[in-house]
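Reader: I'm new to this, so could you pick one part of the chain and take me through it slowly? I'd like to see how that part sits in the rest.

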Amino acid sequence: MAMDPVCRMMVDEESMEWTVDHKGKVYHFCSRGCGEEFQENPEFFLAGGISRNSHCSCCGP
Ligand SMILES: [Zn+2]
């Protein structure tokens, strides 16, 4: 398991289609929305920021 750095839910790497390569490290996301949000502002999430958007398909609005 890996942690989605945007919404902080645990995701299964093997079933995830949304991965983002950032500075040589691969991050996994529960949904496209989380992956895209991370790509827009990776430093924010790596520093501990949590998304306030409700696009997350897993956590719901
Ligand atoms: Zn997510």
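Author: Let's start with contacts across the chain: of those with a separation of 6 or more, 38% join residues 24 or more positions apart. Two residues are in contact if their C-beta atoms, placed from the backbone, lie within 7 Å. Keep in mind that this is a predicted model, where local features need pLDDT of at least 70 and side-chain atom pairs count only at pLDDT 80 or more, while totals for chains, interfaces and linings use all residues. Residues are numbered from 1 along each chain as its sequence is written.

From the N terminus, the elements go β-β-β-β-α-α. Helices (H or I, at least four residues) and strands (E, at least two) are DSSP runs, numbered from the N terminus.

Now zoom in on the hairpin made by β3 and β4, with 2 residues between the strands. In its turn, K23 has a positive phi of about 50 degrees. Strands β3 (residues 18-22) and β4 (residues 25-29) pair antiparallel over 5 bridges; pairing takes at least two bridges found by DSSP. One bridge matches W18 with F29 in β4.

So what does F29 touch? Leaving out residues up to four places away in sequence, the list is D4, V6, V11, M16, W18, V20, C34, G35 and F38. F29 also belongs to the largest nonpolar core, which has 9 residues, including Y27, V6 and F45. Such a core is a set of buried Ala, Val, Leu, Ile, Met, Phe, Trp, Tyr and Cys residues joined through C-beta atoms within 7 Å. β4 and α1 (32-40) are the elements giving two or more residues to this core.

Technical notes. A residue is buried if 20 or more other C-beta atoms lie within 10 Å of its own, exposed if 12 or fewer, and partly exposed in between; C-beta atoms are placed from the backbone.
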